[in-house]
Amino acid sequence: NVLTGGANNLAIWTAFARRGMGFSAGDGGSANSLSVTEEFDMPAASAGLISFDAEEYEIGDPITIQIRDLDLTGTGPLAVEVWSSGGDLETFGLFESPTALGVFEVTVDAIGADAVADNGVLEVGFGDVLRIAYEDADDGSGNGSLLTDTAEIIFVLEEGGDLYQID
């Protein structure tokens, strides 16, 4: 970074993250540690990113929503709306990580119930598609952009030790 002014920053982080040595990976605090915690994430950058932590969830699963945007470091909590195709619309506050600048997240539970908008609870049903959006005011090139992500609520039935997924 010092020699190139960060010109290869993205390529380097992408290579490390692809191999499990992403931004949040841990080595137990020692160069001699035999315990490594894999992570495949990237550090925050000026170009924002919004994401669910999985593509599919079962009812009752915790759902983590994350925004990464280095431009927002130290600005306080962010509000994000979560839409469900089943009719729910909720707003949740994402809080900045104390150890990762520009990384904001919240974890909520997907509750199986009829949708009631704006009650602070994410009610979902089988087959619902969840959608989140974030307006990045500066994508690193001075332009704004709307960033989105989706996830699906699935039904998994265990029968005799076999897993069946019904979409």
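This report describes the fold, the nonpolar core, selected residues and the surface of a predicted protein model.

## Overall architecture

The protein chain contains one helix and ten strands. Read from the N terminus, the order of these elements is α-β-β-β-β-β-β-β-β-β-β. Of the 167 residues in the protein chain, 28% count as buried.

Contacts that span long stretches of sequence are a further feature of the protein chain. When contacts between residues at least 6 apart in sequence are considered, 54% of them join residues at least 24 apart. The protein chain exposes about 10,000 Å², and carbon and sulfur atoms supply 54% of that area.

## The nonpolar core

In soluble globular proteins, nonpolar side chains tend to be buried together. Here the largest nonpolar core has 24 residues, of which Phe52, Ile63, Ile65, Leu94 and Leu122 touch the most other members. Two or more residues each are given to this core by strand 1, strand 3 (62–68), strand 4 (78–84), strand 5 (89–96), strand 6 (103–112), strand 7 (122–124), strand 8 and strand 9 (145–159). Strand 6 supplies the largest share of the core, namely four residues.

Leucine 122, one of the residues that touch the most other core members, has a long list of partners. Beyond residues up to four places away in sequence, leucine 122 touches Ile63, Val82, Asp88, Glu90, Phe92, Val108, Asp109, Ala110, Ile111 and Leu130.

Phenylalanine 92, a partner of leucine 122, is located in strand 5. Phenylalanine 92 counts as buried because its relative accessibility is 8%, under the 20% limit. Apart from residues up to four places away in sequence, phenylalanine 92 touches Leu78, Ala79, Val80, Val82, Val106, Val108, Gly120 and Leu122. Its C-alpha lies 9.6 Å from that of glutamate 105, and the two residues are 13 apart in sequence.

## Arginine 68 and valine 103

Arginine 68 belongs to strand 3. With a relative accessibility of 6%, arginine 68 counts as buried. Its side chain makes a polar contact with the side chain of glutamine 66, at 2.8 Å. Outside its neighbours within four places in sequence, arginine 68 is in contact with Phe23, Ser24, Asp41, Met42, Pro43, Ala44, Ala45, Ala47, Gly48, Leu49, Gly102 and Val103.

Valine 103 is part of strand 6 and is in contact with Arg68. At 5% relative accessibility, valine 103 counts as buried. Its other contacts, again leaving aside neighbours within four places in sequence, include Ala44, Gln66, Ile67, Phe95, Glu96 and Ser97. Valine 103 and leucine 49 are 54 residues apart in sequence, while their C-alpha atoms are 9.5 Å apart in space.

## Serine 51 and glutamate 135

Serine 51 is placed in strand 1 (residues 49–52). Its relative accessibility is 19%, so serine 51 counts as buried, the limit being under 20%. Setting aside neighbours within four places in sequence, serine 51 is in contact with Thr64, Ile65, Gln66, Ile132 and Asp149. Among these partners is Ile65, one of the residues that touch the most other members of the core.

Glutamate 135, in strand 8 (residues 129–136), counts as exposed at 51% relative accessibility. The contacts of glutamate 135 beyond four places in sequence are Gly144, Ser145 and Leu146. Glutamate 135 and threonine 148 are 13 residues apart in sequence, with a C-alpha to C-alpha distance of 8.8 Å.

## Surface features

A nonpolar patch on the surface is formed by Ile12, Phe16, Met21 and Val36, which together have about 380 Å² of accessible area. Phenylalanine 16, a member of this patch, is found in helix 1 (residues 9–18). At 48% relative accessibility, phenylalanine 16 counts as partly exposed.

Aspartate 118 is located in the loop between strand 6 and strand 7 and counts as exposed, with 59% relative accessibility. Most residues other than glycine have a negative phi. Aspartate 118, by contrast, has a positive phi, near 60°.

How values were computed
Residues numbered from 1 in each chain as written. Predicted model: local features only at pLDDT ≥ 70, side-chain atom pairs only at ≥ 80, totals over all residues. Heavy atoms only, no water. Buried < 20%, exposed > 50% of the residue type's maximum accessible area, 1.4 Å probe, protein only. Contact = heavy atoms within 4.5 Å. Patch = residues over 30% accessible without salt bridge, like charges linked within 9 Å, V, L, I, M, F, W, Y side chains within 5 Å. Areas by Shrake-Rupley, 256 points an atom, 1.4 Å probe, with all protein chains shown as cover. Salt bridge = Lys/Arg side-chain N within 4 Å of Asp/Glu carboxyl O. Core = buried A, V, L, I, M, F, W, Y, C linked by side-chain atoms within 4.5 Å. Polar contact = N/O pair within 3.5 Å; in protein donor to acceptor, adjacent residues only side chain to side chain.
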